[in-house]
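Work through the exercises below with the sequence and the coordinates side by side. Each task is followed by a solution that goes step by step.

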Amino acid sequence: MAALIALDWGTSSLRGYLLAGDGSILETRRQPWGLRNLPEGGFDAALAGISRGWPRLPRIAAGMVGARGGWREMPYLATPTGVARLARALGEIVAADGAPLRLVPGLRDPRGPDVMRGEETQVLGAVARDPALAARATLVLPGTHSKWVEVRDGEVRGFRTAMTGELYALLLRHSILGADTGGDRDAGDEPAFVDGVRTARDSGAAGALTRIFAARARLLDGSLAARAVPAWLSGLLVGEEIRGMRARCAEAGAEADAPVLVGDVALCARYRLALQQFGIASRTAAADAAAHGLWRIAADAGLVSPTEHPR
């Protein structure tokens with residue numbers, strides 16, 4: 001029986017979940033109604049559209065919907081933070097249909113400083129699905145702004161962001177590196193991707209910034225095909241992300257955990273391949289971590305009476 005409507009609402013898309021009394025997913029819907037592409041009628045229309053035909057139930061949302069420029073700006077909670085603290089800090093909007101929508105706050109790591117919105121819910125959902133992660137884990141969420149998250153004792157203890165995906169897009173679309181690719185943005189050439197990762201891995205103290213232009217030079221001398229430039233560049237940037245995060249861990253004198261990858265299946269697979277070039281083992285978390293995180297927060301906030309928490 002349906003018990004909760006949960007929304008993962010980002011910058012470019014909106015994903016809706018109809019969840020049962022035990023937290024299992026009854027139905028998933030997705031629309032391109034992120035903050036940058038709302039339908040006519042704005043947030044209210046998007047909310048009505050994604051949940052059309054679903055019963056009137058408690059509703060909860062996480063992500064950029066609560067950012068500055070979103071439906072309502074929610075304050076950041078400082079780390080360390082877990083499910084209980086997020087549940088106590090939920091905000092509320094009364095939608096056009098007269099029913100409330102609860103919003104999950106984002107997190108801020110004062111040590112960076114650094115911020116996240118939505119990823120905290122994915123992380124806590126992954127931990128809920130795999131309680132063995134609660135004591136100590138490093139979770140990596142690849143994407144436009146990749147997050148490397150430290151979990152201790154069931155809480156998000158700290159995190160760092162790498163703008164890898166955004167840098168990749170900017171370099172291909174707005175720099176000379178993408179000029180001769182014929183508009184091809186496919187980064188699926190695995191050998192070229194691995195070569196890029198290894199180039200970053202072996203770049204030494206100079207770092208991958210000194211190797212980016214090699215994409216142009218190798219294209220001109222014929223050692224890198226035009227169609228392979230996106231994959232090579234993707235590998236270089238992902239490799240530099242991994243190299244930088246490893247260096248940060250070493251400087252802090254911290255023991256490195258085997259990363260747990262959370263998010264899009266194809267993107268996690270590419271990060272797993274990149275990590276292998278550094279001799280780092282990794283694994284992928286259970287799917288739909290955001291839905292499970294939203295469920296746990298809603299249950300802790302008393303929005304639903306769970307029959308059993310999902311495992």
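The exercises take up the overall dimensions, two sheets and a pocket.

This is a predicted model, in which local features need pLDDT of at least 70, side-chain atom pairs count only at pLDDT 80 or more, and totals for chains, interfaces and linings use all residues. Residues are numbered from 1 along each chain as its sequence is written, and side-chain values use heavy atoms, with hydrogens and water left out.

**Exercise 1.** Compare the radius of gyration of the protein with that of a compact globule.

*Solution.* The radius is taken over C-alpha atoms, and the globule rule is 2.2 Å times the number of residues to the power 0.38. For 311 residues the rule gives a value near 19 Å, and the protein has 21 Å, which agrees. Along the principal axes, the C-alpha atoms fill a box of roughly 65 × 45 × 30 Å.

**Exercise 2.** Establish the strand order of the six-stranded sheet, and find which strands stand at its edges.

*Solution.* Begin with the elements, which are DSSP runs numbered from the N terminus (helices are H or I with at least four residues, strands E with at least two); the protein has nine helices and 14 strands. Two strands pair if DSSP finds at least two bridges between them, and on this basis six strands form an open, mixed sheet in the order β3-β2-β1-β4-β7-β6. β3 (25-31) and β6 (91-94) are the edge strands, each with a single partner, so one side of each is left without a neighbour in the sheet. Inside the sheet, β1 (residues 2-9) and β4 (residues 59-63) run parallel and are joined by five bridges, with W9 standing opposite G63 in β4.

**Exercise 3.** Describe the five-stranded sheet and the helix that lies across it.

*Solution.* The order is β12-β11-β10-β13-β14, again in an open sheet with mixed pairing. Within this sheet, β10 (residues 136-141) and β11 (residues 146-152) pair in the antiparallel sense over six bridges, and L141 stands opposite K147 in β11. Helix α3 lies across β10, β11 and β12 (contact means heavy atoms within 4.5 Å), and runs at about 130° to β10; such angles, from 0 to 180 degrees, are taken between N-to-C directions of lines fitted to C-alpha atoms, for helices over the stretch in contact.

**Exercise 4.** Which classes of residue make up the lining of the largest pocket?

*Solution.* The lining has 18 nonpolar, 13 polar and twelve charged residues, where Ala, Val, Leu, Ile, Met, Phe, Trp, Tyr, Cys and Pro count as nonpolar, Asp, Glu, Lys and Arg as charged, and the others, Gly among them, as polar.
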